[in-house]
Amino acid sequence: DRGLEPAVTLSIIIPAFNEERLLGDFLRSAREAASACGLADYEVVVCDNNSTDATARIAKEAGAQVIFEPVNRISLARNAGAATASGDWLLFIDADSRLCAATLRAMLAAVDDGRHVGGGSLIDLQPRPWWGALLVWTWALISYSMNWAAGSFVFCRADAFRAVGGYPPELAAGEEVVLSRRLKRWGKPRGRGFVILTKAPHVSSGRKFYLYSPRELLAVLLEMAKSPRRCLRDTAIHKQFY
């Protein structure tokens with residue numbers, strides 16, 4: 001694999017709040033995927049988002065750079081990670097994910113062709129109940145048709161990320177959609193598009209399907225439909241589903 005061009009570097013940024021159970025597995029998957037793709041020039045930045053468990057220790061022992069964000073809000077954690085990152089390209093991934101070589105390879109190809117400002121990937125949540133599969137399919141349709149990245153896998157040029165102001169810090173949810181729109185606006189006059197990868201969906205955890213009942217998840221969705229602006233800024237709702 002050719003991977004990234006020699007002059008380009010990649011920063012993998014992981015926001016993490018009390019992720020001691022899953023973070024180690026993700027970091028191993030990232031190393032294995034990078035090795036399989038022949039990617040050598042990359043760094044891993046973990047933003048400990050005020051965890052009370054061993055998240056920071058596990059990240060340090062795995063060789064990641066660890067920074068701290070005291071306010072529990074994923075947009076702030078992602079921005080803090082990006083502020084520390086030194087790569088020309090940024091890849092934001094959730095700590096309960098698993099980075100597959102096929103997904104990383106598809107992302108590197110999009111970076112390498114020089115036609116994109118950034119993008120995302122279709123998402124596969126595992127494990128999941130039957131109704132979870134329906135929600136995953138629904139989001140895939142929205143993501144692809146609207147060209148919006150899912151929060152658990154977003155990549156972009158570092159200069160573009162900084163030029164558009166990063167993730168909106170005031171939002172507790174939906175920040176990835178705002179960033180997607182900002183990056184598309186930045187890239188359009190420069191002849192660079194925003195792509196949703198489809199051939200190798202990114203694998204993330206479906207644990208919330210089992211932590212919360214369908215009724216609880218539906219209640220949040222209905223509340224967002226009724227008052228989207230308030231819900232996107234509601235840190236209580238966000239913290240419940242972080």
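A contact here means heavy atoms within 4.5 Å.

**View 1. The whole chain, as a predicted model.** Start with the overview: this protein folds into eleven helices and eight strands. Of its 242 residues, 53% count as buried. Look at contacts between residues at least 6 apart in sequence, and 78% of them join residues at least 24 apart. The accessible surface adds up to about 11400 Å², and carbon and sulfur atoms own 56% of that.

**View 2. The eight-stranded sheet, laid out strand by strand.** Reading across this open sheet, the order goes 3-2-1-4-7-6-8-5, and the pairing is mixed. Strand 3 (65-68) and strand 5 (97-98) sit at the edges, each pairing on one side only. Helix 7 (residues 175-187) packs on the sheet, where it touches strand 6, strand 7 (153-157) and strand 8 (193-205). The directions of helix 7 and strand 7 make an angle of about 30°.

**View 3. Strands 1 and 2 side by side.** Strand 1 (residues 10-16) and strand 2 (residues 42-48) run parallel, joined by seven bridges. To get your bearings, find isoleucine 12: its bridge partner in strand 2 is valine 44.

**View 4. Zooming in on histidine 116.** You'll find histidine 116 in strand 6 (residues 116-126). With a relative accessible area of 10%, histidine 116 falls under the 20% cut-off, so it counts as buried. Its side chain makes a polar contact with the side chain of aspartate 113, at 3.2 Å. Beyond its neighbours within four places in sequence, histidine 116 is in contact with Trp89, Ala110, Arg157, Arg192, Gly193 and Val195.

Conventions. Residues numbered from 1 in each chain as written. Predicted model: local features only at pLDDT ≥ 70, side-chain atom pairs only at ≥ 80, totals over all residues. Heavy atoms only, no water. Helix = DSSP H or I, 4+ residues; strand = E, 2+ residues; numbered from the N terminus. Buried < 20%, exposed > 50% of the residue type's maximum accessible area, 1.4 Å probe, protein only. Areas by Shrake-Rupley, 256 points an atom, 1.4 Å probe, with all protein chains shown as cover. Polar contact = N/O pair within 3.5 Å; in protein donor to acceptor, adjacent residues only side chain to side chain. Pairing = 2+ DSSP bridges. Axes fitted to C-alpha atoms, helices over the stretch in contact; angles between N-to-C directions.
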